[in-house]
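Here are a few notes from going through this model, meant to be read with the structure open beside you. I start with some helix packing and then move on to a pocket.

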Amino acid sequence: MSSRFRGKPSIAPKTWQARRKLNGRIVAATGIHNWGLTNPYVGMSNEIMKDLGQRTAEFCKRHFGGLKPACAAAGLKYSTLHSQITNGREIPFSTIERLCEAAGVSLEAFRSNRAEIGVLAPTPSAALHRRAAAAYSQALRDVQDEMLRMGGDITVDDVLNWLHRNDGRLDDFDVLRERVDLFYPVQGDDHLMRPARVGRQSLAAQYFNIEHTQDYVHRVGQLSRRIIDATLASHVEVQRRQQYQIADIDFSAIVDGIELKEKYRRVMAPVQTPDGQTLTLVFAKLI
């Protein structure tokens, strides 16, 4: 397979101190907390947090019969959620998400009633989401630029050089492991890409706040059919030709009610695990 990959093997080392510093910058620039990309409640009054707690308690009572059975169904710690509601503390977005999943309803079902208790009107919410998403995108770009200056970022050339050096085999993979995503080959009845592993520092993980492959299915599954089908077709083409593919992608979508518009450079390549399993590697950077 060596004819597929050309370039000199030169990958800059990771800089842990820079990542720690820059991760703090993302939080400071966007107000990101436990709500992921946009938490409209960060910095708001205790009264608003109490209203959110009341809404959460009512949701639990309506769908589960009470707070304890709700926590049991969603795999949450009762004492933590009870304290957050009782003391008017911030409730993480992940908690609301797990409650909705356990209840079998969408997040929109929880959000739709917020205006009724005066937490956040729909128009300001949408505007706040757009501002926070834009700030987050800029923060990611700042991270990329700063890491590149400090010799700790991974570039497209680095990925291509690694592919050439290792002939597409996932050996000596630590330097890329958390910056790329790995996918199973597309099957005939697949309606969405199937992640084998999502790197913690990959663009998808950072941009969509993905921590597990289940998060990928939930968030990326909200993209339009056109975007998903085009991405599936690229996966198929990479495996069919057994050659890497580089493309600049204009991206526009709505995920969890947030409008996203970006342009990124994507590398897709066929790779193999040490035991011979075929996967597709995806690396992306905002441009």
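How are H3 and H4 oriented to each other?

1. Keep in mind that we're looking at a predicted model. Helix H3, residues 67-74, packs against helix H4, residues 78-86, at an angle of about 130°, and the axes are 9 Å apart. Angles over 145 degrees would count as roughly antiparallel, so this pair comes out as oblique. As for handedness, H3 passes H4 in a right-handed crossing.

2. Who touches whom here? On the H3 side you'll find Leu67, Lys68 and Cys71, and these meet Tyr78, Leu81, His82 and Ile85 of H4. Sorted by class, that contact of H3 with H4 comes to five nonpolar residues, one polar and one charged.

3. H3 has another partner to look at, namely helix H5, residues 93-103: the packing angle is about 90° and the axes are 9 Å apart. H3 is therefore roughly perpendicular to H5. H3 brings Ala70, Ala73 and Ala74 to the contact, while H5 brings Arg98, Leu99 and Ala102. The class split for H3 with H5 is five nonpolar, no polar and one charged.

4. Now for the second largest pocket, which holds about 560 Å³ of space. Its lining runs to 31 residues, and the ones nearest the centre are Leu223, Thr231, Phe251, Tyr264 and Arg266. If you want a spot to centre your view, try those five.

5. Which element gives the most to the lining of that pocket? It's H12, with seven residues. Several elements supply at least two residues each, among them strand E1 (181-183), helix H10 (203-207), helix H11 (213-220) and H12 itself (225-241). Strands E3 (245-255), E4 (258-272) and E5 (278-286) also supply at least two each.

6. On chemistry, the lining of the second largest pocket has 20 nonpolar residues, alongside five polar and six charged ones.

Definitions and conventions:
Residues are numbered from 1 along each chain as its sequence is written. This is a predicted model: local features need pLDDT of at least 70, side-chain atom pairs count only at pLDDT 80 or more; totals for chains, interfaces and linings use all residues. Side-chain values use heavy atoms; hydrogens and water are left out. On a 1 Å grid over the protein atoms alone, a cavity is a set of points where a 1.4 Å probe fits but cannot get out, and a pocket is an open set with protein on both sides within 12 Å along at least five of seven lines; lining residues have an atom within 4 Å of a point. Grid points are joined across faces, edges and corners, and a volume is the space filled by probe spheres set on the points. Helices (H or I, at least four residues) and strands (E, at least two) are DSSP runs, numbered from the N terminus. Ala, Val, Leu, Ile, Met, Phe, Trp, Tyr, Cys and Pro count as nonpolar, Asp, Glu, Lys and Arg as charged, and the others, Gly among them, as polar. Axes are lines fitted to C-alpha atoms, for helices over the stretch in contact, and angles run from 0 to 180 degrees between N-to-C directions. Angles under 35 degrees count as roughly parallel, over 145 as roughly antiparallel, 65 to 115 as roughly perpendicular and the rest as oblique. A crossing is left-handed if the near helix is turned anticlockwise from the far one by less than a right angle, and right-handed if clockwise. Contact means heavy atoms within 4.5 Å.
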